[in-house]
Structure formats: structure tokens, C-alpha cells
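Visitor: Hey, I've got a structure open and I'm a bit lost. Can you walk me through it?
Guide: Sure, pull it up and ask away.

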Amino acid sequence: MKLLLHYLKKNNFSTYFLFGGDADFDNMKGFLKSNGYDKIIERQNFNRKTPGTMWGVFDEYLFNYAENILDSSSSKTLITIFTITNHQPWDIPIDKEDIIPQFSSDAENSKILRTMYYTDHVIGEFMNQNKDKEWFGNTLFIFISDHGIVQFNEIYEDPRNAHIPFLIYSSSLISKPQLVDKIASQVDIVPTLLHLIGYNKEFKLMGSNILAEDYDGFALRIVNDYIVWFESNYIYTEIINQGSKLYQYNNIYETPYILIDSQEEVYNKIQNNMRAYLQTAYYTYKKLY
């Protein structure tokens with residue numbers, strides 16, 4: 001992120017981070033400032049009567065704020081919007097109750113689906129309302145979530161719960177739609193974005209450009225002391241200092257997966273790849289910076 005913001009600043013970009021809640025939560029503000037964001041917009045920047053939940057203002061107000069920035073900006077702009085409505089307590093604005101459909105599911109899941117639909121509706125309205133503006137045609141949109149929801153429980157920390165959307169849209173930079181049917185990760189966002197905006201220098205990042213012809217993705221997920229590593233059609237799991245397993249699959253949504261014997265050569269290869277990546281990340285971000 002720091003490399004991206006440094007590059008954008010050198011090219012006269014203004015940078016904003018929009019969050020509907022308290023940006024001190026989880027030390028987000030400290031992280032964002034240390035990585036070079038010019039301005040952080042949070043709950044206190046909105047009228048205190050702005051509707052929302054205990055987490056912050058409803059998503060539509062974030063997108064309205066972003067629209068005002070883009071309409072009035074005289075410079076190139078990066079805006080990161082961290083939406084919050086699709087989170088507990090799963091409430092939507094009262095004036096959207098008739099717009100957002102009910103879902104036939106248990107009470108909690110129905111509310112979750114409604115907040116998903118609400119956020120999708122807000123994004124759609126934002127895109128439709130601004131599609132004819134000059135800045136829209138010059139904008140690269142990236143949509144991704146920070147995490148999924150616990151929908152599957154067949155396996156401890158079920159890998160399917162880690163599946164999240166990653167969408168890239170630009171009417172000027174991307175002329176032909178394509179589907180990247182490979183494993184990708186949040187760490188691939190910045191390398192892919194640097195590629196799309198024409199960054200032509202070498203850089204050292206943990207991810208890769210997912211649009212490269214030779215892209216061969218992987219992903220790492222850590223929940224407390226539980227590690228899940230996705231590579232090719234394998235899933236490696238390890239509970240630190242307790243044990244590890246390797247599974248093979250054809251489709252991540254088709255279970256049960258095939259358990260691979262720890263004596264197999266591929267077992268050591270995948271295990272070594274995961275540990276090398278984790279150790280490199282630790283050395284890079286804890287020792288070098």
C-alpha cells in the first residue's frame with residue numbers, strides 16, 4: 001500500500017480513506033496515516049444525526065461523500081471506501097425497507113442477505129448516477145471484501161468461508177470482460193492495480209498481478225493459531241505447534257476433500273511453500289520496516 005500511495009502522490013494524486021465509523025478502531029487511522037493517506041473521513045466528519053448502526057453511518061452516505069469529492073476535485077484522486085452496513089447488527093435504513101426484498105431463510109441469515117442486497121443497491125445507484133460524468137470514464141473501480149461470513153461448518157475454519165468477491169471495472173482501461181479462474185488474494189490488489197495504471201518499475205510485494213498470462217495464484221489465511229494455505233488445487237492446514245493436513249479438491253464447494261498422506265512428496269512441497277511465504281512476510285515487514 002505504501003508503494004502505491006507513494007507512486008500516486010508523485011503523480012499528483014489526492015488520496016482519501018472513507019469509513020463510516022470510528023477510524024481509531026483496530027488502529028486503522030494509525031495504519032492509514034503511516035502508509036500515506038492524505039485525508040481520513042470517519043464518523044465525526046458526518047452530521048451527528050446521519051442515520052446508521054452502532055458501527056457507523058449507512059453505506060449510502062459514504063458513497064454520497066465520495067461523489068462530492070470526485071465532482072469537485074481538480075486533481076487525480078484515489079478513494080478507498082470501507083463500507084460497514086453489511087455487518088452486525090445487520091440493519092438497513094428505514095426508508096429502504098420497501099426497496100430491499102425479504103429472503104426466505106432463518107432470521108439472522110435473512111438480515112445478512114438484506115444488508116448485502118442494500119450495499120449492492122447503493123453501489124449500483126452510485127454507478128448509474130455517475131456513469132455519464134467525465135471522471136467516471138477515467139476511473140478504475142475495484143470491489144473486494146475484507147472477509148466472508150461463516151456459512152459452512154463441515155470443516156474447522158471451513159475454506160469455503162474464505163471465498164470473497166474481487167471485481168475490477170473500468171470503461172476505459174478494460175475493454176473485454178474476463179474471468180480469472182484461479183486462486184487470488186487480497187495481497188494481489190496492489191500489484192494488479194500498479195499494472196493497470198502503467199507502473200513500469202520493479203517492486204517487491206507479496207502478491208502478483210492477477211491479469212498476467214503466467215499468473216499462478218495462491219492465498220494465505222490465518223485465524224488465531226490456525227493456518228490455511230491455498231495453492232493450485234490443494235488446501236494445506238496447520239495448527240501451530242499441533243499438526244497439519246493436506247487436502248486435494250476439484251471444486252472447493254464439493255466436499256469431502258481428498259486427504260493426502262504426509263509421506264507424499266507434494267505434501268512437503270506445499271508445506272515448504274507456505275512456511276517460506278510466512279517467514280518471508282515476517283522478515284520483510286517485521287525486520288526490514
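Visitor: What sign does phi of glycine 198, just after helix 6, take?
Guide: Phi is positive there, about 85 degrees for glycine 198. Keep in mind that this is a predicted model.

Visitor: And helix 6 itself, is that mostly covered or mostly open?
Guide: Mostly covered: helix 6 runs over residues 189–196, and seven of its eight residues are buried. Among them are Ile189, Val190, Pro191 and Thr192.

Visitor: What do those buried residues of helix 6 pack against?
Guide: They pack against helix 1, strand 6 (141–144) and strand 7 (166–169).

Visitor: Since the model is predicted, where is confidence lowest and where is it highest?
Guide: Helix 1 (residues 2–10) is the lowest, with a mean pLDDT of 83, while helix 3 (residues 59–72) is the highest, at 98. The chain averages 92, and 99% of the residues score at least 70.

Visitor: Okay, back to phi. Which residues other than glycine have a positive one?
Guide: Asparagine 12 is one of them, with phi near 65 degrees. Serine 232 is another example, at about 55 degrees.

Visitor: Why point those out?
Guide: Because most residues other than glycine have a negative phi.

Visitor: Where does asparagine 12 lie?
Guide: Asparagine 12 is in the loop between helix 1 and strand 1 (13–19). Its relative accessible area is 59%, so asparagine 12 counts as exposed.

Visitor: And where's serine 232?
Guide: Serine 232 is also in a loop, the one between strand 9 (226–231) and strand 10 (234–239). Its relative accessible area is 46%, so serine 232 counts as partly exposed.

Visitor: New topic: which residues are joined by cis peptide bonds?
Guide: Glutamine 88 and proline 89 are joined by one, with omega about 10 degrees. Threonine 255 and proline 256 are joined by one too, with omega about 5 degrees. They're worth a look because most peptide bonds are trans.

Visitor: Where do proline 89 and proline 256 lie?
Guide: Proline 89 is in the loop between strand 5 (76–82) and helix 4 (107–130). Proline 256 is in the loop between strand 11 (243–248) and strand 12 (258–260).

Visitor: Let's try a strand. What is isoleucine 222 in contact with, leaving aside its neighbours within four places in sequence?
Guide: Isoleucine 222 touches Ile227 and Leu278. You'll find isoleucine 222 in strand 8 (residues 218–223), and its relative accessibility of 42% makes it partly exposed.

Visitor: Same question for lysine 39: what is it in contact with, beyond four places in sequence?
Guide: Lysine 39 is in contact with Thr15, Tyr16 and Phe17. Lysine 39 belongs to strand 2 (residues 39–41), and it is partly exposed at 43% relative accessible area.

Visitor: Zooming out, how many helices and strands does the chain have?
Guide: Seven helices and twelve strands. The radius of gyration is 21 Å, close to the 19 Å that the globule rule gives for 289 residues, so the chain is as compact as a globular protein of that length.

Visitor: How much of the chain counts as buried?
Guide: 37% of the 289 residues. The chain exposes about 18,000 Å², with carbon and sulfur atoms supplying 49% of that.

Visitor: Last one: how many charges are there?
Guide: There are 26 positive and 36 negative charges, and their mean positions are 9 Å apart.

Definitions and conventions: Residues numbered from 1 in each chain as written. Predicted model: local features only at pLDDT ≥ 70, side-chain atom pairs only at ≥ 80, totals over all residues. Heavy atoms only, no water. Helix = DSSP H or I, 4+ residues; strand = E, 2+ residues; numbered from the N terminus. Rg over C-alpha atoms; globule rule 2.2 N^0.38 Å. Buried < 20%, exposed > 50% of the residue type's maximum accessible area, 1.4 Å probe, protein only. Areas by Shrake-Rupley, 256 points an atom, 1.4 Å probe, with all protein chains shown as cover. Lys, Arg positive; Asp, Glu negative; His and termini not counted. Charge placed at Lys NZ, Arg CZ, Asp CG, Glu CD. pLDDT = per-residue confidence, 0-100. Contact = heavy atoms within 4.5 Å.
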